[in-house]
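Please look over the model below before reading on. The paragraphs after it go through the chain from its overall make-up to single residues.

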Amino acid sequence: MTTRQRPSRSPRSDSRPHARRRIGPGLPLLGVAAGLLTVAGVAHVAATGLVETDVAIAFGALIACGELARMTMPGNRETAPISTAAALGYAMLLDVEGRPAGHTALQVIAVTAVGVIAGALPHLAVGRPPRMEAMARRLLAVALVAVLYRPFSGELYASTGYGTPQGQWWLPLAAMVTLVAAMLLADVAVAAALRAGRVRTALAVAIRDEMRIAGPLGAAVGASGTLLALASHSMGLVALLVFAAPLLVTQVAFRKYAGIRATYLQTVRALARVPEVGGYVDHGHSRRVSRLSLAIGRELGMSEPELLELEYAALMHDIGQLSLADPIPGGATVLTDRGQARRIAELGAEVIRKTGVLDRVAEIVRRQCDAPGPGVPTASRIIKVANAYDDLVGGSDDRDRAAAALERLRADTGEEFDPAVVDAVVTVVRTGGQ
């Protein structure tokens, strides 16, 4: 078993230089591209004037309202479903009540950009600035569809006889669906690349997470934009309100889900503080173990749902110590015999299981003292290594202490610690991936 070395205290013991957020080169490039497109679109409209002013204003107003109602999904993903659907509908519009839509791709970009900016201003006024990355992605996604679709929309409208009884409506529909699918895939790829650089995870894992979390809402947005473009033929501008309503309902449901998830995390963090306030463990221990566990999990390629369970379990891995009559010195479970450590883990798991919604988290906590082997959850193995590392290093920034701790973990690899997890923590610590 490893032994605990008491860390030296300092006012900044819980913040490390390598924990600072890094900004990859993709974000500035994204902003520059969106800015150039905005300037080009606005300059074009200023030089040529708005085509079909009433239609442009109506769609621009809906885009602005959609930006006002933007929301944040799990994983800090900012999205504006109504705004994006309206912009896509405008980009793919063929006609409005029989009037052919003659606006260009640059006008679509200009109307979208102005709508997005107008919708963001009230948020800025109350101190809730939107994420520039998310705004740029929305504009670029719509621009991709507009550039590929608008140059051929007039020819498509005329050649298919769209809107007439003999018209081939399925050809425009097929073109719209194909473009929306391409746009969604491109947006997922961009979002995944940015996220992979931001949280230091594998690109394949980031793509899988984006598809699972943002994919369903993106499909709903794309379908709404397509239907909006088609319905404007017979319904006119009333279609904007008709198709915005289902998206608003969907957005409310997603917002509730995000709120419930945030409440769970806040509750778990509050519970994790109880052993620290009671003097059972060192201040900041659970938070440090959680942060290191998440970095190890990303290094091992865990998905976001797995990482969320890992975060919950890491925060509450010491909650079983509340059952002790005599606290372990410093809360270092690695100093106790294996039987007592296992009892602490089982008691903590029982507390978590009583919530009725975190059974998988309870199992991770229960198995955190097990030797690596078949059936032991990866999250349990990660928490065991992260806890031991923090017992040896604490909140210290001393590189020599960190190096010594890594050597101690390597020495116990096999019987006590999973070799793959130890290799991952070595990589995380040495590359500053926390």
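What follows is an account of the whole chain, two of its helices, two single residues and a surface patch.

This is a predicted model, in which local features need pLDDT of at least 70 and side-chain atom pairs count only at pLDDT 80 or more, while totals for chains, interfaces and linings use all residues. Residues are numbered from 1 along each chain as its sequence is written, and side-chain values use heavy atoms, with hydrogens and water left out.

The protein chain has 16 helices and four strands. Helices (H or I, at least four residues) and strands (E, at least two) are DSSP runs, numbered from the N terminus. Of the 434 residues, 50% count as buried; buried means under 20% relative accessible area, exposed over 50%, and partly exposed in between, with a 1.4 Å probe and protein chains only. Among contacts (heavy atoms within 4.5 Å) with a separation of 6 or more, 74% join residues 24 or more positions apart. The protein chain exposes about 19400 Å², and carbon and sulfur atoms supply 64% of that area. Accessible areas come from the Shrake-Rupley method with a 1.4 Å probe; for residues, only the protein chains shown count as cover.

Helix 9 comes next. The expected span of a helix is 1.5 Å times one less than its number of residues. Helix 9 has 40 residues and should therefore span 58 Å, and its end C-alpha atoms are indeed 58 Å apart. Its buried residues include A239, L240, Q251, R261 and E276. They are covered by, among others, helix 2 (53–68), strand 1 (71–73), helix 3 (81–91) and helix 8 (215–235), as well as helix 10 and helix 11. After helix 9 comes G279, whose phi is positive, near 80 degrees.

Helix 10 (residues 285–299) has 15 residues, so the expected span is 21 Å, which agrees with the 21 Å between its end C-alpha atoms. Eleven of these 15 residues are buried, so that helix 10 is mostly covered. Among the buried ones are H285, R288, L292 and I296. The cover includes helix 9 (238–277), helix 11 (304–315), helix 14 (378–393) and helix 16 (419–431). Just after helix 10, G301 takes a positive phi of about 85 degrees.

V421 lies in helix 16. It counts as buried because its relative accessibility is 2%. Apart from neighbours within four places in sequence, V421 is in contact with I296, L300, R381, I382 and V385. One of these, I382, is 39 residues away from V421 along the chain, with 6.1 Å between the two C-alpha atoms.

L106 is found in helix 4 (residues 105–125). This leucine is partly exposed because its relative accessible area is 30%. Beyond neighbours within four places in sequence, L106 is in contact with A40, G41 and H44. From L106 to V147 the C-alpha distance is 7.9 Å, with their positions 41 residues apart in sequence.

On the surface, L185, L203, I207 and M211 form a nonpolar patch with about 350 Å² of accessible area together. Patches are made of residues with over 30% relative accessible area and no salt bridge, like charges being joined within 9 Å and nonpolar side chains (Val, Leu, Ile, Met, Phe, Trp, Tyr) within 5 Å. A salt bridge is a side-chain nitrogen of Lys or Arg within 4 Å of a carboxyl oxygen of Asp or Glu. Helix 7 (residues 203–213) gives the most to the nonpolar patch, with three residues. L203 has its place in helix 7 and is partly exposed, because its relative accessible area is 45%.
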